[in-house]
Amino acid sequence: MNHTVFITGATSGIGEATARILASRGYRLVICGRRIERLQTLQKELEKLTSIYTLNFDVSDKRSVLESINKLPSEWNRIDILINNAGNAHGFDLFHESNMDDWEAMIDINVKGLLYVSKAIIPGMVERRKGHIINIGSIAGKEVYPRGSVYCASKHAVDAINNGMRLDLNAYGIKVTEINPGMVETEFSLVRFKGDSEKARNTYKGLKPLTGNDVAEIILFIISRPDHVNISDVIVFPTAQASATIVHREK
């Protein structure tokens with residue numbers, strides 16, 4: 001397998017699970033993240049399976065993103081598949097009680113970060129008239145729920161950007177896919193609740209949520225379809241979840 005896959009947010013959750021499953025199938029990986037120690041640990045593990053290159057940057061830092069990607073060595077700068085996975089949720093407050101710093105963090109990472117990375121990589125795909133972009137959205141990009149207005153807005157933006165990309169890149173033979181998970185048990189809730197592990201655990205109490213690996217397996221399936229097949233939009237829930245707000249919990 002000679003395809004090179006670029007994964008943002010590879011140091012935890014869906015990104016880390018995707019890196020592992022793709023490495024096991026022989027994809028060459030550029031793994032990116034803010035936490036250098038985790039990146040190095042993951043690189044050491046996965047380089048036993050495939051070729052790995054790491055980039056340490058925060059996707060919300062435009063200069064760092066562009067400089068890091070533009071300086072990729074020649075043997076790594078042809079990106080076949082881009083997985084825009086990096087994202088976050090900060091706070092779970094009513095709109096009028098929420099923290100504007102939390103707003104900034106979500107918009108900077110979920111929206112601007114995706115734009116910066118995409119802008120750096122997509123022109124090469126256009127030039128080659130081939131490539132695949134996978135944007136990790138959320139059910140929050142399809143629905144709005146209480147106490148999540150700005151997070152939902154950021155994921156609605158991802159949905160709009162994804163759909164716009166698909167239109168703009170259609171003439172160049174580039175596939176564009178959005179995956180919108182419901183409840184996935186990762187570090188997501190721990191970040192949202194600012195390190196409160198009890199609140200994070202209660203998010204998934206009484207049900208079996210998705211795992212990062214569940215989503216990673218979907219990504220593997222999507223990118224392994226024939227050239228003429230593009231799976232453009234996927235919503236995936238745990239069985240216990242029916243919508244952003246309707247969840248069955250066992251007592």
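## Helix and loop exercises on a predicted model

Helix H4 (residues 100–128) has 29 residues, and its first and last C-alpha atoms are 41 Å apart, close to the 42 Å expected at 1.5 Å a residue. Helices here are DSSP runs of H or I with at least four residues, strands are runs of E with at least two, and both are numbered from the N terminus. The expected span is 1.5 Å times one less than the number of residues.

Ground rules: this is a predicted model, where local features need pLDDT of at least 70 and side-chain atom pairs count only at pLDDT 80 or more, while totals for chains, interfaces and linings use all residues. Residues are numbered from 1 along each chain as its sequence is written, and side-chain values use heavy atoms, with hydrogens and water left out.

**Exercise 1. Walk along H4 and describe its ends and its bend.**

Step 1: Start at the N-terminal end, where Asn99 is the cap, with a side-chain oxygen 2.6 Å from the backbone nitrogen of Asp101.

Step 2: Check Asp101, which lies in H4. Asp101 is exposed because its relative accessibility is 59% (buried is under 20% relative accessible area, exposed over 50%, partly exposed in between, with a 1.4 Å probe and protein chains only).

Step 3: Move on to Lys112, where H4 bends by about 35 degrees. That angle is between axes fitted to the seven residues ending there and the seven starting there.

Step 4: Step off the helix, and just after H4 you hit Arg129 with a positive phi of about 55 degrees.

**Exercise 2. Work out what covers the buried residues of H5.**

Step 1: Get the geometry of H5 (residues 149–168): 20 residues, reaching 28 Å from first C-alpha to last, close to the expected 28 Å.

Step 2: Pick out buried residues of H5, among them Val150, Tyr151, Lys155, Val158 and Met165.

Step 3: Look for the cover, which includes H4, strand S5 (131–136), strand S6 (174–181) and helix H6 (188–192).

Step 4: Pin down one distance between the helices: Asp101 and Lys155 sit 54 residues apart in sequence and 17 Å apart in space, C-alpha to C-alpha.

**Exercise 3. Describe the surroundings of Asn84.**

Step 1: Place Asn84 in strand S4 (residues 81–84).

Step 2: Classify Asn84 as buried, because its relative accessible area is 4%.

Step 3: List contacts (heavy atoms within 4.5 Å): leaving out residues up to four places away in sequence, Asn84 touches residues including Thr8, Leu114, Val117 and Asn135.

Step 4: Zoom in on Asn135, whose side chain makes a 2.9 Å polar contact with that of Asn84. A polar contact is a pair of N or O atoms within 3.5 Å; within protein, one must be able to donate a hydrogen and the other to accept it, and residues adjacent in sequence count only if both atoms are side-chain atoms.

**Exercise 4. Compare the loop settings of Arg147 and Lys194.**

Step 1: Recall the background: most residues other than glycine have a negative phi.

Step 2: Take Arg147, in the loop between S5 and H5, with phi near 70 degrees. Arg147 is partly exposed, because its relative accessible area is 39%.

Step 3: Take Lys194, in the loop between H6 and helix H7 (197–203), with a positive phi of about 55 degrees. Lys194 is exposed, because its relative accessible area is 54%.
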